[in-house]
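Colleague: I should like to understand how certain terms are applied to this model. Could you take me through them?

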Amino acid sequence: MNKILAISGSLRNTSSNTTILKYLQKIAPSDVEIEIYDELGALPHFNPDIDNEKSPEVVTRFRSKLKEANGVIICTPEYAFGVPGVLKNGLDWIVSSGEFTDKPTATISASPLATGGDKAHASLLVTIKVMGAKVVESGSVTVPIVLKKFDSEGVITDEKTAKEFEVMMNSLISAF
Ligand SMILES: Cc1cc2nc3c(=O)[nH]c(=O)nc-3n(C[C@H](O)[C@H](O)[C@H](O)COP(=O)(O)O)c2cc1C
């Protein structure tokens with residue numbers, strides 16, 4: 001079984017970004033399991049002084065999950081034109097440990113606004129590329145006006161976005 005670790009940059013219960021990841025879980029081929037990482041909010045604030053052989057267990061778990069994953073999908077909102085702090089904090093824990101090196105990765109940003117979180121998306125790409133992530137071709141999707149693209153059950157209603165997700169998933173899976 002191939003594994004994708006999916007990370008939402010939003011901790012909200014009814015997050016649009018997490019809704020997208022749940023949708024991707026449903027459309028994944030039967031030999032690909034998508035796990036939605038659920039401990040982003042439990043990671044301590046990154047501090048190099050506590051990043052040693054006694055690093056917090058939740059950090060070790062995060063690193064193991066990333067290491068074991070064949071690919072990663074990050075789906076994030078934009079906060080004040082940037083990446084949400086909670087997601088940047090999670091990424092900071094991986095800078096030195098290196099789990100992103102050559103990791104096939106896809107990135108999505110979604111926003112109720114017409115810009116689709118494009119500035120956070122651009123910033124996220126700079127960060128993960130410097131960490132060595134292999135961002136796959138057609139693997140970066142921006143979803144503007146997200147509230148009009150899914151119904152209340154989390155079913156996608158916009159064909160163009162559905163196609164972009166399909167192409168993104170195929171590209172990610174073929175990079176394993
Ligand atoms: C503190 C804060 C800052 C925000 N800044 C932006 C922004 O810069 N750009 C944007 O497109 N949306 C911004 N938004 C709106 C978010 O895109 C919106 O709340 C979105 O639903 C968050 O994603 P989620 O549904 O996955 O939680 C902001 C929201 C909050 C709470």
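Modeller: The exchange below concerns the ligand and the pockets.

Modeller: This is a predicted model, in which local features need pLDDT of at least 70 and side-chain atom pairs count only at pLDDT 80 or more, while totals for chains, interfaces and linings use all residues. Residues are numbered from 1 along each chain as its sequence is written, and side-chain values use heavy atoms, with hydrogens and water left out.

Colleague: What makes a residue one of the 13 that surround the ligand?

Modeller: A residue is near a molecule if one of its heavy atoms lies within 4 Å of it. The closest of the 13 are Ser10, Arg12, Ser15, Glu78 and Ser111.

Colleague: Why is the pair formed by serine 15 and the ligand called a polar contact?

Modeller: A polar contact is a pair of N or O atoms within 3.5 Å. An oxygen atom of the ligand is 2.6 Å from an N or O atom in the side chain of serine 15, so the pair qualifies. For serine 10, a polar side-chain atom lies 2.7 Å from a ligand oxygen atom, and for asparagine 17 the corresponding value is 2.8 Å.

Colleague: How do you know that the ligand sits in the largest pocket?

Modeller: A molecule sits in a pocket if more than half of its atoms lie within 2 Å of the pocket's grid points; the ligand meets this condition for the largest pocket.

Colleague: Which residues lie nearest the centre of the largest pocket?

Modeller: They are Pro77, Tyr79, Ala110, Ser111 and Pro112, out of 16 lining residues. A pocket is an open set of points on a 1 Å grid over the protein atoms alone, where a 1.4 Å probe fits, with protein on both sides within 12 Å along at least five of seven lines; lining residues have an atom within 4 Å of a point.

Key: A polar contact is a pair of N or O atoms within 3.5 Å; within protein, one must be able to donate a hydrogen and the other to accept it, and residues adjacent in sequence count only if both atoms are side-chain atoms.
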